[in-house]
Amino acid sequence: MSTSSPSAAPPPAIDLAHEATDLRMATFRLARRLRAQRAVDSMSDGQFAVLANLHVHGPHTLGELADRERVSAPSMNRTVNHLEELGYLTRTPDDGDRRKVNIALTDEGRTVVIETTRRRDSWLEHALEDLEPAERETLAAAAVIMRAVAER
């Protein structure tokens with residue numbers, strides 16, 4: 001006769017798999033909602049990522065941008081060409097090595113990044129207003145953990 005009851009907890013591996021799925025789905029859904037908050041509706045996520053990268057890390061070469069965004073140099077070149085045509089970034093020859101070209105934000109590109117970030121933060125702030133203080137504390141602690149997981 002078995003001593004386990006029908007309500008026995010599933011093995012930890014199954015719980016972990018379900019937790020991972022739930023976290024992934026919640027993260028993707030939240031990211032999708034945040035990505036919808038942008039200053040330029042026609043800009044792709046990849047294009048915005050390039051502008052945001054330049055805003056945070058300063059001018060880069062095409063190869064450095066491609067490496068940072070994990071795309072091929074030809075793909076990054078197409079993205080940079082498009083953003084340059086729109087007036088969001090510039091290319092200038094490197095002072096030390098004339099074979100290199102530095103890509104930097106224009107004032108208009110910086111404005112797009114700042115306004116998109118403002119909209120996203122505002123959307124999230126309004127969403128957090130509806131939560132209880134304990135729920136916000138839980139999310140703040142989760143943010144620290146998620147950042148650590150992402151850096152692995």
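A polar contact here is a pair of N or O atoms within 3.5 Å, where within protein one must be able to donate a hydrogen and the other to accept it. Keep that in mind for a later stop; the model on your screen is a predicted one.

**Whole chain.** Start with everything shown as a cartoon. You will find 6 helices and 2 strands, in the order α-α-α-α-β-β-α-α from the N terminus on. The radius of gyration is 22 Å, well over the 15 Å from the globule rule for 152 residues, so the protein is more spread out than a compact globule. Turn the C-alpha trace along its principal axes and it spans about 80 × 35 × 25 Å. Of the 152 residues, 20% count as buried.

**Helices α2 and α3.** Next, select residues 45–57 for α2 and 62–69 for α3. Their axes lie 11 Å apart, at an angle of about 110 degrees, which makes the two helices roughly perpendicular to each other. Now show side chains: α2 brings Ala49, Val50, Asn53, Leu54 and His57 to the contact, and α3 brings Leu65, Arg68 and Glu69. Colour them by class and you get 4 nonpolar, 2 polar and 2 charged residues.

**Thr116.** Move on to helix α5, residues 107–129, and pick out Thr116. Is Thr116 buried or exposed? With 0% relative accessibility, Thr116 counts as buried. Here is the stop promised at the start: the Thr116 side chain reaches the backbone oxygen of Val112 at 2.9 Å. Finally, leaving aside residues up to four places away in sequence, display what Thr116 touches: Gln37, Arg38, Ala39 and Phe48.

Notes: Residues numbered from 1 in each chain as written. Predicted model: local features only at pLDDT ≥ 70, side-chain atom pairs only at ≥ 80, totals over all residues. Heavy atoms only, no water. Axes fitted to C-alpha atoms, helices over the stretch in contact; angles between N-to-C directions. Helix = DSSP H or I, 4+ residues; strand = E, 2+ residues; numbered from the N terminus. Parallel < 35°, antiparallel > 145°, perpendicular 65-115°, else oblique. Contact = heavy atoms within 4.5 Å. Nonpolar A, V, L, I, M, F, W, Y, C, P; charged D, E, K, R; others polar. Buried < 20%, exposed > 50% of the residue type's maximum accessible area, 1.4 Å probe, protein only. Rg over C-alpha atoms; globule rule 2.2 N^0.38 Å.
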